[in-house]
Amino acid sequence: MRAQSSATATTPIAVTAPAAERRGSGTAQAALGVLAFSLTFPATAWGLEGFGPWSLVAVRSVLAAVVAGGCLLVLRVPLPERRHLAGLAVVAAGVVFGFPLLTTLALQTSTTAHAAVVVGLLPLTTAVCSALRTGHRPARRFWLAALAGAAAVVAFTVGQSGGALTLADGYLFGALLVCAAGYTEGGRLARVMPGWQVIGWALVLCLPLSVPATALALSYEPVRLTAHGVAGLLWVALGSQFLGLVVWYRGMAAIGIPKASQLQLAQPLLTLVWSALLLGENLTAAAPLTAVAVLVCIAVTQRS
């Protein structure tokens with residue numbers, strides 16, 4: 001009887017430890033994705049120094065697809081099942097084309113601080129999209145913390161940019177919607193296939209459109225090869241478009257879409273830091289206060 005009691009007592013540890021490790025690993029991977037995404041707007045601003053907006057988006061898609069396709073080919077990954085093609089199309093439309101194009105168009109006239117309002121709203125939009133798509137209903141405390149964090153980020157970023165609504169805002173809000181749909185569908189697919197394959201196949205499936213789009217855009221938009229332009233292109237193509245999404249989708253699959261999306265509440269503040277360091281944009285004293293509020297909200301959502 002004593003041996004039986006001892007075995008019973010140790011069983012929960014053996015069962016829960018792998019789950020806890022998986023959640024920890026998933027949170028770390030999602031956080032790495034957020035870090036990669038936080039550089040997207042400054043890198044895009046650099047890329048626009050050498051490329052037109054349409055060329056930058058098309059070329060980044062082709063470069064990322066070549067790398068992803070090479071990995072799929074070398075590892076002899078089988079073609080995705082037909083039932084996953086619709087989901088991959090949503091990922092491609094939202095993450096490969098929609099969000100990059102709309103944000104790039106916005107950044108022609110908007111600062112990266114103003115564009116960060118999109119990232120501030122994205123966690124909440126992704127959580128809502130996930131709830132509608134999967135039928136999952138997070139707790140009320142989760143929603144209150146998410147709304148509070150989103151409100152803090154929006155107040156900060158809109159305050160930084162003056163709060164005026166422009167055409168760039170239309171692009172940004174459109175990007176918000178399509179990216180939330182792409183994140184939600186990608187997170188769902190990452191539960192049945194490795195995260196890197198989700199974005200890899202989405203990129204490869206876009207090649208019939210991205211290759212001719214690249215040729216057409218480059219024929220109309222002049223290109224100036226500068227150090228900033230090339231560095232920005234390489235980062236948005238390989239860092240944001242491929243590697244960042246690989247760890248992001250893996251993280252979402254491990255800890256769930258709503259919780260992973262709330263980690264993005266820190267992304268606007270990281271973007272503002274990179275903007276100050278790389279682009280020379282000025283930060284105000286409100287930044288550390290907003291950072292504390294965001295971190296508190298993230299902690300609450302992770303415990304809900």
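Which helices each supply at least two residues of the lining of the largest cavity? We will get there in Exercise 1, after a word on the model.

This is a predicted model, in which local features need pLDDT of at least 70, side-chain atom pairs count only at pLDDT 80 or more, and totals for chains, interfaces and linings use all residues. Residues are numbered from 1 along each chain as its sequence is written, and side-chain values use heavy atoms, with hydrogens and water left out.

**Exercise 1. Describe the largest cavity and its lining.**

Step 1: learn the term. On a 1 Å grid over the protein atoms alone, a cavity is a set of points where a 1.4 Å probe fits but cannot get out, and lining residues have an atom within 4 Å of a point. Grid points are joined across faces, edges and corners, and the volume is the space filled by probe spheres set on the points.

Step 2: find the cavity. The structure holds one cavity of 30 Å³ or more, and the largest cavity has a volume of about 170 Å³.

Step 3: look at the lining. It has 17 residues, and Phe-37, Thr-40, Arg-60, Phe-99 and Tyr-183 are the closest to the centre.

Step 4: answer the opening question. Helix H2 (40-47), helix H4 (85-106), helix H5 (112-134), H7, H10 and helix H12 (267-279) each supply at least two lining residues. Helices here are DSSP runs (H or I, at least four residues), numbered from the N terminus.

**Exercise 2. Locate the largest nonpolar core and the helix that gives the most to it.**

Step 1: a nonpolar core is a set of buried Ala, Val, Leu, Ile, Met, Phe, Trp, Tyr and Cys residues joined through side-chain atoms within 4.5 Å. Buried means under 20% relative accessible area, exposed over 50%, and partly exposed in between (1.4 Å probe, protein chains only).

Step 2: the largest core has 63 residues, and those with the most contacts inside it include Tyr-183, Leu-203 and Leu-245. Helix H10 (residues 227-255) gives the most to this core, with nine residues.

Step 3: a second, separate core of six residues includes Phe-51, Leu-56, Val-59 and Val-236.

Step 4: zoom in on Leu-245. Leaving aside neighbours within four places in sequence, Leu-245 is in contact (heavy atoms within 4.5 Å) with Phe-37, Val-95, Tyr-183, Ile-199 and Ser-240.

**Exercise 3. Work through the two salt bridges.**

Step 1: a salt bridge is a side-chain nitrogen of Lys or Arg within 4 Å of a carboxyl oxygen of Asp or Glu.

Step 2: Glu-81 pairs with Arg-83, with the closest N and O atoms 2.6 Å apart. Glu-81 is partly exposed because its relative accessibility is 43%, and Arg-83 is exposed because its value is 60%.

Step 3: Arg-188 meets Glu-185, also in a salt bridge, at 2.6 Å from N to O. These two are three residues apart in helix H7 (residues 167-189), so about one helical turn separates them. Arg-188 is partly exposed at 27%, while Glu-185 is buried at 7%.

**Exercise 4. State what stands out in the backbone of Arg-76.**

Step 1: place the residue. Arg-76 is in the loop between H3 and H4, and is exposed, with a relative accessible area of 74%.

Step 2: check phi. Its value is near 55 degrees, which is positive in a residue other than glycine. Most residues other than glycine have a negative phi.

Technical notes: On a 1 Å grid over the protein atoms alone, a cavity is a set of points where a 1.4 Å probe fits but cannot get out, and a pocket is an open set with protein on both sides within 12 Å along at least five of seven lines; lining residues have an atom within 4 Å of a point.
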